[in-house]
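Please read the report below alongside the sequence and the model. It deals with charged side chains, a metal site and a sheet.

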Amino acid sequence: MGKCNFRVGFGYDVHKLVEDRELWLGGVLIPHTKGLLGHSDADVAIHALCDALLGAAALRDIGFHFPDTDPRYKGIDSKKLLVEVVKLLKTHGYSVGNTDLTICAEQPKLNPHIPEMRQVLANCMDVDVDCVSVKATTSEKLGFTGRGEGMSAYATVLIVKE
Ligand code: MG
């Protein structure tokens, strides 16, 4: 039996919201009173996307490739991690088909930032902007995202073996 040339992947991530941090989401700096806490810039959306891409290629996860104990990744712009992940996939013969990302946050309103996020993510992955979907939702004030204690993100991707 031959292997399928189309592969799907799924990614999920959570980061805590704290004072005195910049809020980076989908590679874009978003004005807000709080930011996400993490070893990197804590861009929860890009992290979910990286995990989905790695998962589609069965190449482990973001923590395996970029450990949060490694000082090289302290404060790093997560866009650089996404570029590295896409490069790694290319070396395994994969290219990105399309990606679909959902960010769950009670505040701030993310809709005005979605066009820029799509463009930035498309540039990082070297695909057309219509291959990149970004959606925003709240959790209706329920749970940790609803209380504004953190944000979560979910990503689905399709990759193609050349
Ligand atoms: Mg993360």
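E84 and K87 form a salt bridge, with their closest N and O atoms 3.3 Å apart. A salt bridge here is a side-chain nitrogen of Lys or Arg within 4 Å of a carboxyl oxygen of Asp or Glu. Both residues belong to helix α3 (residues 78-91), where a spacing of 3 residues separates E84 and K87 by about one helical turn. E84 is partly exposed at 37% relative accessible area, and K87 is partly exposed at 48%. The classes are set by relative accessible area: buried is under 20%, exposed is over 50%, and partly exposed is in between (1.4 Å probe, protein chains only). Helices (H or I, at least four residues) and strands (E, at least two) are DSSP runs, numbered from the N terminus.

The model is predicted: local features need pLDDT of at least 70, side-chain atom pairs count only at pLDDT 80 or more, and totals for chains, interfaces and linings use all residues. Residues are numbered from 1 along each chain as its sequence is written, and side-chain values use heavy atoms, with hydrogens and water left out.

**Salt bridges**

Side chains of opposite charge can pair when their charged atoms come close. The structure holds 5 salt bridges, including those in the table.

| Pair | Closest N to O distance |
|---|---|
| E84 and K87 | 3.3 Å |
| R72 and D70 | 2.9 Å |
| K135 and D100 | 2.7 Å |

In the pair of R72 and D70, R72 is exposed at 63% relative accessible area, whereas D70 is buried at 15%. K135 lies in strand β6 (residues 132-137) and D100 in strand β5 (residues 94-104), so their salt bridge ties together parts that are 35 residues apart in sequence. K135 is partly exposed at 35%, and D100 is partly exposed at 27%.

**A buried charge without a salt bridge**

D41 sits in the loop between β4 (35-36) and α1. D41 is buried but has no salt bridge, and the nearest side chain of opposite charge, K79, is 5.7 Å away. For charge, Lys and Arg count as positive and Asp and Glu as negative, while His and the chain ends are not counted. The side chain of D41 does reach the backbone nitrogen of D43, at 3.1 Å. Leaving aside residues up to four places away in sequence, D41 touches several residues, among them R21, W24 and H47; contact means heavy atoms within 4.5 Å.

**The magnesium site**

Which protein atoms are donors of the magnesium ion? They are D13 (OD), H15 (NE2) and H47 (ND1), lying 2.1 to 2.3 Å from the ion. Donors are N, O and S atoms within 2.8 Å of the metal (3.2 Å for Na, K and Ca); water is not among the atoms, so sites may look incomplete. D13, in strand β1 (residues 6-18), and H47, in helix α1 (residues 44-56), are 34 residues apart, and the pair links distant parts of the chain. Both D13 and H47 are buried.

**The sheet**

An open sheet is formed by 5 strands in the order β4-β1-β7-β5-β6, with mixed pairing. Its edge strands are β4 and β6, each pairing on one side only. Two strands pair if DSSP finds at least two bridges between them. β5 pairs with strand β7 (residues 150-161) in the antiparallel sense over 10 bridges. T99 stands opposite V157 in β7.

Note on methods
A polar contact is a pair of N or O atoms within 3.5 Å; within protein, one must be able to donate a hydrogen and the other to accept it, and residues adjacent in sequence count only if both atoms are side-chain atoms.
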